[in-house]
Amino acid sequence: MAGKTKDQMRKLYLSNRITEVMGGIFEHPLTIVEAPMGYGKTTSVREYLNTTDADTLWLRVYDGSRPGLWNSFCRLFNPLDENRAQMLLKMGFPGEGTLVQEAVGIIEDLALKKRTVLVIDDYHLIDSSEVDFFLESLVKTEIDNLHIVLTARYTGFEKIEEFKLKGYLHYIVKENLEFTPKEIAQYYKSCGISLKAGASNQLYTYTEGWISALYLLMLNYKEFEHLEAPGDIYKLIEKAVYQPFSDEIKDFLLTMCIFDSFTAEQAMFMWGDKNALKLIDEVTGKNAFVRYDAATSTYQMHNIFTNFLKDILDHQTFKKDCYKKAAQWFVKVGAYLESMHYYYLCGDFEHVLAIIEKDKGNSFNSEISGLLLFMKYMEECPQEIKSKFHKALLVYAMHLFTFNEMELFIRTCSELIQNIENDSELSEDLKRELLGEYELLISFIHYNDINKMSQHQKKACKLLSKSTDIYDTNIYWTFGSPSVLYMFYRESGKLEQHVEDIKEALPYYHQLTDGHGIGGQYIMEAERHFYMGALESAEIVLHKALHIIEGKNEPVMMLCAEFLQVRIALMKGDLSEVFGILGQMRQNMMRKNEFHSIYTIELCEGYIYALLKQKNKISESISEWKLSSTRIMFPAYAMVGIVYGRSLLLNGQYLKLIGIFEQMMGMASIFPNLLAVVHNLIYLSAANEKIYRHEEALSTLRQALEIAMPDQLYMPFVENGDYIKPLLEEIGREKSDRESIDHILELYGCYEKSVNQAIEEYFDNAKPKLSEREREIAVLAAQGLTNKEISGRLFISQNTVKTQLKTVFEKLGINSRALLKQVL
């Protein structure tokens, strides 16, 4: 016993067997280490990797917040390639849609030069199918030199068996980490303790090889020189670890246990004393439950020890003081979401709302999880406190509108104006500012009624001396729609007036928002000319819009203009212009890192491919109505429905189209969006005709014409002439509709020639010439197979697959697998 030192007692031990098990990390793209708390998952992985020459990217999960997790994940790549790390950060968490492949492509482009291990520690805290999907996609890509390790108490991975069979997964479980009696004896010996005969078997019986219990029994054995059954593990921690510390160190540990890890600077801030580092050194020198991680420059407490300390803290009078100090720390480092969390835990709603005002709600992100957290804080906040923080309520109301919580939005607006009017402490200037923000806010109650919105926005302009301080102008003005006319065409026979109204109204909105949605009025005017078949007038006004938009940071407005350019070019038969602009949309997105616009681009592409009858090239998120995987916002959903409806026709799903007609019309009628209403009626007519309900088809098409013809809205009928031409001809024989129908059919004659030419030149005979092997590989890659799966299917090396795919990309003029499906 005399030979034992503190360092020996803290010594970490990896048996040869566990070291060998860990070696499988480098033989698979994914390793999952799954075991209950205290089995040494994290320690075994970290200590094994420290013996290798691999670079380690370590991400410890503290909660299930996807935004926080994604930000930390992106920052891991800063030392490798700061530009690509920022691209990922700007993209935001990719969900399950198209952005997943874009994100994987960015990581693949890092071109890792040496073995790199990405460790996500405590993965069980995430519990997200979308995060699982992203990691599955990353694993299946089999990026050179990248190996992923997940440590977890349990995992909900649905594809564990599939991944094991396909060789993607190395699965380490509790039994792999349990110490055998022989390993227990070796572990104790390495710590300076020679066990008596039979003692290792006795310890195994007590602990079943559980390393945390073995360590605690060792500490106990050090003091009392006899072994005893552990009983309650927390009582053993108290006896062997906690009680020997001084009262000062105990209070220090209780102060820091609210964090899973902390920096030296953080400890000094929390403790408020310069001897914090001395206390840390004493703690880390006496036991292995608090360790310094050089890779992340943080001190980390073992979960068992943290839980033990938190149980004690729950009964301490200074617990709230710890939370408040933690909140202040996170304010200092700009981590506002974490700061709000700790202020909430100590019931300090004044500071919660003050931070919301300071941060303008940006930390809550654009996901539903962020809104739910925001709602929780606001609903639990006492009314007397909420009534003082008017800007926080303004920010909250805007979030509610963004997520279509209209009933709560209206109620919050009513509460807000009462609070402002009743606040006798407001200065006149501040009251005018708040009333101006309020007028801008309630204008959205009347979305998409241009005149009613403008009434409030004009009042806001008179009240505000500067642009809005509340409204988030990073939200796309069209909410993801590539058509302005879709947004604001709401009343039959009034389209021309709508255009004049928006031309008058939008400058006031621009004044309030520093030009948000600039050029929108002229895009809508150009769209009106296009829908009337007046292509020259449409182009003239469109050039005016483009001149205004160029140079401004308004990517979605540029997409709206480009989308109209594509449709004009298709109508004129300028096919090189059609496909040139479509390609340019994606190139601009990649060049400017405007990844949020990918779904608007897919909507543009889907619309055009639907017109060209290329149903397999329409994004799955649209063709299968997976809107939750996109960042299209609810006001634009009916625009997605326009593409979705035509894709159902192309796929012959006539009964489904008829069956969901009421739901599609309900969505188009919310604001309303008459353009979507007209398309839905056209699709219903076409579907009825296909199942021989001729009279229903005629009746429905007449309804569409009754809405559209007062505004000379011809193009929805022209673009769907392939389904409704005979019906139009029949209706045209009725004298009342003859002139309009003749004009539609005349336009359709030109349009049909252009579409047929595009199909023949671009999709039938003029595809880029790929070799037989290149086409085989490209088709399999487009189906989602990984390089490894392709090499196994075709009996070629993975390097050959990579080389051939690079050639395919060059020939097809694309830069990612996500585009293969569209061009093959």
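**Exercise 1. Find which residues Phe134 touches, leaving out residues up to four places away in sequence.**

Solution. Contact means heavy atoms within 4.5 Å. By that test, Phe134 touches Trp70, Phe73, Pro94, Val100, Ala103, Val104 and Ile107. The model is predicted: local features need pLDDT of at least 70, side-chain atom pairs count only at pLDDT 80 or more, and totals for chains, interfaces and linings use all residues. Numbering runs from 1 along each chain as its sequence is written, and side-chain values use heavy atoms, without hydrogens and water.

**Exercise 2. Place Phe134 in the largest nonpolar core.**

Solution. A nonpolar core is a set of buried Ala, Val, Leu, Ile, Met, Phe, Trp, Tyr and Cys residues joined through side-chain atoms within 4.5 Å. Buried means under 20% relative accessible area, exposed over 50% (1.4 Å probe, protein chains only). The largest core has 293 residues. Phe134 is among those that touch the most other members, with Ile107, Tyr188, Ile356 and Phe717. Helix H31 (residues 555-572) gives the largest share, 12 residues. A second, separate core of 16 residues includes Ala778, Leu780, Ile790 and Ile796.

**Exercise 3. Sort the faces of helix H37 (residues 661-668).**

Solution. Helices are DSSP runs of H or I, at least four residues, numbered from the N terminus. List the buried residues: Phe661, Met664, Met665 and Ala668. They span an arc of only 100° around the axis (directions from the axis to the C-beta atoms), so they lie on the same side of H37. Turn to the face away from that side: Glu662 and Gln663 are exposed there. The cover over the buried residues includes helix H35 (637-650), helix H36 (654-659) and helix H38 (674-690).

Terms used: Helix = DSSP H or I, 4+ residues; strand = E, 2+ residues; numbered from the N terminus.
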